[in-house]
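Biologist: I'm still learning to read structures like this one. Please pick one part, take a close look at it and talk me through what you see.

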Amino acid sequence: MKKQTNFSPFPTLPLPPSLNNGGNQPGFSIRSATIDDAPAIARVNVDTWRTAYRNIIPAAFLANLSYEARANNWREIFLDAKNTGVFACVAENESGKIIGFAAGCPERTGKYDYRGELSAIYILEAYQRQGIGRKLVREVATKLAESNLNSMLLWVLEDNSACKFYEALGGEIVGDRETVRAGILLKELAYGWRELSGVLSFEL
């Protein structure tokens, strides 16, 4: 049995990667992540939280986010990947700097009729709207399909502009839940894809 993994203190709230296809952008590449990428992934994780959620999450909470703590959390996630089924991929610019990442795993709640989950997607603000988001989503969908996880779920804040992005990719709202972060009551929406063929067929 796959063990559920906790991505705390960061809920699975994917950021708005892009509503623009962007084509095959020169200078960017996608590859599988390794435990050695944990510090760079953590930096993207924290920095994108501070820009994307500055009007949603209290500033003091965002200011206190720790690169080191998040890196340690990601190391634990990678070390436990064989038990949880978690995997990640990163986007690098032409200099080899990690500027975005996405993660996937088997669906974690067991409450929905979806087998896979896009558990996180984060892209530095300066690199958004360049087609990187679509590439990362398709990479996660590809890896899920390779593991015979042929449907996908994700959770996103109701007020997050990323909702339009996931709808453009064919996602449908299939549920919602309330969550408390930094003392703030927030609502998350679940988007689902019954089949991954539509995501996999998008031109990049």
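Modeller: Let's start with Trp-155, which is buried because its relative accessible area is just 1% (buried means under 20%, exposed over 50%, partly exposed in between, with a 1.4 Å probe and protein chains only). Keep in mind that this is a predicted model, where local features need pLDDT of at least 70, side-chain atom pairs count only at pLDDT 80 or more, and totals for chains, interfaces and linings use all residues. Residues are numbered from 1 along each chain as its sequence is written, and side-chain values use heavy atoms, without hydrogens or water.

Trp-155 sits in strand β5, which covers residues 152-157 (strands are DSSP runs of E, at least two residues, and helices runs of H or I, at least four, numbered from the N terminus). β5 pairs with β4 in the parallel sense over two bridges (DSSP has to find at least two for a pair). One bridge partner couple is Gly-116 and Met-152. As for β4 itself, eight of its eight residues are buried.

Now for the rings: they pair if the centres of Phe, Tyr or Trp (its six-membered ring) lie within 6.5 Å, with planes under 30 degrees apart called stacked, over 60 edge-to-face and the rest tilted. The count is ten aromatic pairs. One of them, Trp-49 with Phe-61, is tilted, at 6.5 Å and 50°. That pair links helix α1 to helix α2, twelve residues apart. Back at our tryptophan, Tyr-112 and Trp-155 pair edge-to-face, 5.7 Å centre to centre and 75° between the planes. Tyr-112 lies in the loop between β3 and β4, 43 residues from Trp-155. Tyr-112 counts as partly exposed because its relative accessibility is 24%.
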